[in-house]
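Work through the exercises below with the sequence and the model in view. Try each task before reading its solution.

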Amino acid sequence: MPLATTQVAAMVTLYHSEPTVLTNVDSYLNQVGKLYVIDNSEQPDERLREALQLRSPRLLYLAPRGNEGLGVALNRAAEQALADGYSHLLMMDDDSSLPAGAVEQLYQTAVSRPEAGIISAAMVDQSALQADRSTKPPTIDPVLTAITAGSLLNLAAYQVAGPFQEDLFIDWVDLEYSFRLKRHGFPILADGHVRLLHRIGIKKKIRLLGFIPYQWRSHNPVRLYYKFRNSLYLLRRDQDVIPARFKRRFHKELRRNVYQILLAEPHKGRFFSLIRKAVADARAGKLGKLEE
């Protein structure tokens with residue numbers, strides 16, 4: 001029996017999730033001891049709930065009847081995993097999946113590197129999936145940050161670093177925690193032996209001026225509000241642990257988001273109204289769920 005099934009619990013957060021979440025859940029359900037499914041949908045899909053609960057008695061479905069944010073869901077799962085006696089928590093998104101044996105590989109890496117706060121999988125974008133032609137052997141390397149999906153959290157490190165920051169609501173919850181783990185002396189390692197299949201935004205294509213092909217990854221205006229607000233707030237607050245190169249790269253990404261809105265997104269007024277609010281709220285330190 002793989003040791004991960006006795007030491008690792010998993011969690012996944014749902015929010016108006018598509019039926020494909022069932023296939024994604026099936027990819028790792030039998031690789032862990034227990035799976036906590038936290039449904040943040042305002043009106044959970046009862047058919048989806050039934051389909052999930054029929055999959056295994058080891059699956060615990062929780063629906064708080066409203067979107068409490070990613071941080072609350074992560075903390076609820078981490079505390080439940082500790083109460084259930086697990087040493088590690090695998091964090092997943094509803095649009096992500098893992099190959100067979102992935103969780104055991106992540107866990108064995110965690111056992112061999114007990115000082116690590118997170119062991120993360122290497123991410124493969126499902127919308128641009130191609131055969132891996134690399135001839136280099138996979139390695140395990142230190143990284144600055146890890147996204148939520150495909151990350152194995154050391155719950156001993158969680159108890160030291162504290163809970164996820166809930167008032168960020170969504171976006172940058174994982175990056176803020178990465179910086180906090182670093183501040184507490186827990187490195188983050190990326191295990192190249194494990195490939196996470198993950199969808200990044202919605203890929204859109206148009207023809208500018210009717211003939212110039214252009215494609216980009218689109219996020220809705222509310223999601224961009226959280227991205228702009230939380231990143232600008234944390235890049236200033238945590239500047240002692242965030243390298244200058246990361247700040248430059250992320251400011252460049254925010255500018256690219258603005259250019260994409262100008263070039264290609266419809267409803268530009270809605271986008272820029274929320275971006276202006278995000279900048280103002282970041283400066284004022286106003287966090288929490290967006291109120292319009």
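**Exercise 1.** How many aromatic pairs does a search of the whole structure find?

*Solution.* The search finds 10 aromatic pairs. Rings of Phe, Tyr and Trp (its six-membered ring) pair if their centres lie within 6.5 Å; planes under 30 degrees apart count as stacked, over 60 as edge-to-face and the rest as tilted. The model is predicted, so local features need pLDDT of at least 70 and side-chain atom pairs count only at pLDDT 80 or more, while totals for chains, interfaces and linings use all residues. Residues are numbered from 1 along each chain as its sequence is written, and side-chain values use heavy atoms, with hydrogens and water left out.

**Exercise 2.** Classify the ring pair Phe169 and Tyr226, and place both residues.

*Solution.* Step 1: the ring centres are 5.4 Å apart and the planes are at 25 degrees, so Phe169 and Tyr226 are stacked. Step 2: Phe169 sits in the loop between helix H6 (155-161) and helix H7 (173-183), and Tyr226 sits in helix H8, so the pair ties together parts that are 57 residues apart in sequence. Helices (H or I, at least four residues) and strands (E, at least two) are DSSP runs, numbered from the N terminus. Step 3: both Phe169 and Tyr226 are buried. Buried means under 20% relative accessible area, exposed over 50%, and partly exposed in between (1.4 Å probe, protein chains only).

**Exercise 3.** Do the same for Trp172 and Phe250.

*Solution.* Step 1: the centres of the two rings are 4.9 Å apart and their planes are at 85 degrees, so Trp172 and Phe250 form an edge-to-face pair. Step 2: Trp172 belongs to the loop between H6 and H7 and Phe250 to helix H9, so this pair ties together parts that are 78 residues apart in sequence. Step 3: Trp172 is buried, with a relative accessible area of 2%, and Phe250 is buried at 7%. Step 4: one aromatic cluster is formed by Trp172, Phe179, Phe246 and Phe250.

**Exercise 4.** Describe how H8 and H9 pack.

*Solution.* Step 1: helix H8 (residues 221-237) and helix H9 (residues 244-263) pack at an angle of about 155 degrees, and their axes are 11 Å apart. Axes are lines fitted to C-alpha atoms, for helices over the stretch in contact, and angles run from 0 to 180 degrees between N-to-C directions. Step 2: that angle makes H8 roughly antiparallel to H9 (angles under 35 degrees count as roughly parallel, over 145 as roughly antiparallel, 65 to 115 as roughly perpendicular and the rest as oblique). Step 3: residues making the contact (heavy atoms within 4.5 Å) include Leu224, Lys227 and Phe228 of H8 and Phe246, Phe250 and Asn257 of H9. Step 4: Asn257 is buried, with a relative accessible area of 7%, and touches Leu224, Lys227 and Phe228, not counting residues up to four places away in sequence.

**Exercise 5.** Which residues of helix H2 are buried, and what covers them?

*Solution.* Step 1: in helix H2 (residues 21-28), six of the eight residues are buried. Step 2: these are Val21, Leu22, Asn24, Val25, Ser27 and Tyr28. Step 3: their cover includes strand S1 (8-14), strand S2 (34-39), helix H3 (46-53), strand S3 (59-62), strand S4 (88-93) and strand S5 (96-97).
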